[in-house]
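Here are a few exercises to work through with the model open beside you. Try each task before you read its solution.

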Amino acid sequence: MAFHFIASTGRTATTFLAAALDGLEGVTACHEGYPGGEHDAPLLPLINLENAMVFRDPTKGESVVASKRNASIIANAKRVCAADTLIDVAYYNAMLSLPLLNHHPAARGVGIIRDCESFVRSSTTLTGEDPLPVGWPDPGKPLTQREQFIQLGRIRPNKRSPDGKNWFEWSAVKRNIWLWLHTNMRLIDASDAHPERFVLADFQMFKEDNAAFLNRICAHFDIQVPDNSVVDGVELGKVNKKGFGYQVGPSSDWTTEERALLEAAEQQVWSRFQ
């Protein structure tokens, strides 16, 4: 029986991928601990809040995995769902990628990287409730109780670091550029440490051909995929979209400082991704 995982910044079709993978024979795929995307009870212990803790102190990642993603918990989850393969798809796996790979020597992972500009535009909310609160909202936006809870686990710079000292003066765009950079650098670090077991995938490929993207992930996990366009009722041509659209314009509308930060962040990530 196998255990694998997918990690990203979020806003990279992870809900879709979990549903599609969950429809394959012998596979149970969780989205942030919940099998099939939406269930009453999680199959795996929730670790949403540990995300920020592990970012602040990476050494704590080993203890999180040892207590909430250990071999006994994974084996029990597979028994419950009678699956040969269990896949956990979650944004918080970015911070836990290395500990997961170290703790589970046979596990494989995929890190999905989306271009920074579209991630920022997709994840930034200026007004109204965000039903998919992945990124940092406008600093002045009132938050719902759910948004406040999810924000507790979102990574941010150490208060004593140069970025941390400027954090409260930063716009949501700057904060989400920072979020994109530091999440993806953790994915790249995991790939550098275990290049055969943890591969990086460009989200642009998903937008161009999501069936081929799914096939690539399945090949890495050694999972057979039916040769059709629908996996257990999930249409491969459809992608979740943010209900109320983007509230942030293209980078040409951003401030000079925001564009400079964008350029520097993308240079750091794509130079190592290539």
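**Exercise 1. Work out whether strand β5 (residues 108-113) is enclosed or open to the outside, and find its partners.**

Step 1: count the buried positions, where buried means under 20% relative accessible area, exposed over 50% and partly exposed in between (1.4 Å probe, protein chains only). Five of the six residues of β5 pass, so the strand is largely enclosed by the rest of the structure. Strands here (E, at least two residues) and helices (H or I, at least four) are DSSP runs numbered from the N terminus.

A word on the ground rules: this is a predicted model, where local features need pLDDT of at least 70, side-chain atom pairs count only at pLDDT 80 or more, and totals for chains, interfaces and linings use all residues. Residues are numbered from 1 along each chain as its sequence is written, and side-chain values use heavy atoms, with hydrogens and water left out.

Step 2: look for pairing, which takes at least two DSSP bridges between two strands. Strand β1 (residues 2-8) runs parallel to β5 over five bridges, with Ala 7 bridged to Gly 111 of β5. Strand β6 (residues 198-202) is also parallel to β5, again through five bridges; here Ile 112 has Ala 201 of β6 as its bridge partner.

**Exercise 2. Put the strands of the open sheet in order and say which ones stand at the edges.**

Step 1: follow β1 to strand β4 (residues 85-89), a parallel pair joined by five bridges. One contact to check is Phe 5, whose bridge partner in β4 is Asp 88.

Step 2: write out the six strands, which gives β3-β2-β4-β1-β5-β6 with mixed pairing. At the edges are β3 (34-35) and β6, each with a single partner strand, so one side of each lacks a neighbour in the sheet.

**Exercise 3. Is Ala 19 buried, partly exposed or exposed?**

Step 1: place the residue, which sits in helix α1 (residues 14-22).

Step 2: compare its 26% relative accessibility with the cut-offs, and Ala 19 comes out as partly exposed.

Step 3: check across to Cys 30, eleven residues away along the chain; its C-alpha atom is 8.1 Å from that of Ala 19.

**Exercise 4. Describe the protein as a whole: what does it contain, and how much of it is buried?**

Step 1: tally the elements, which gives twelve helices and eight strands.

Step 2: take the burial total, with buried residues making up 50% of the 274.

Step 3: get the extent, since the C-alpha trace spans about 50 × 40 × 40 Å along its principal axes.
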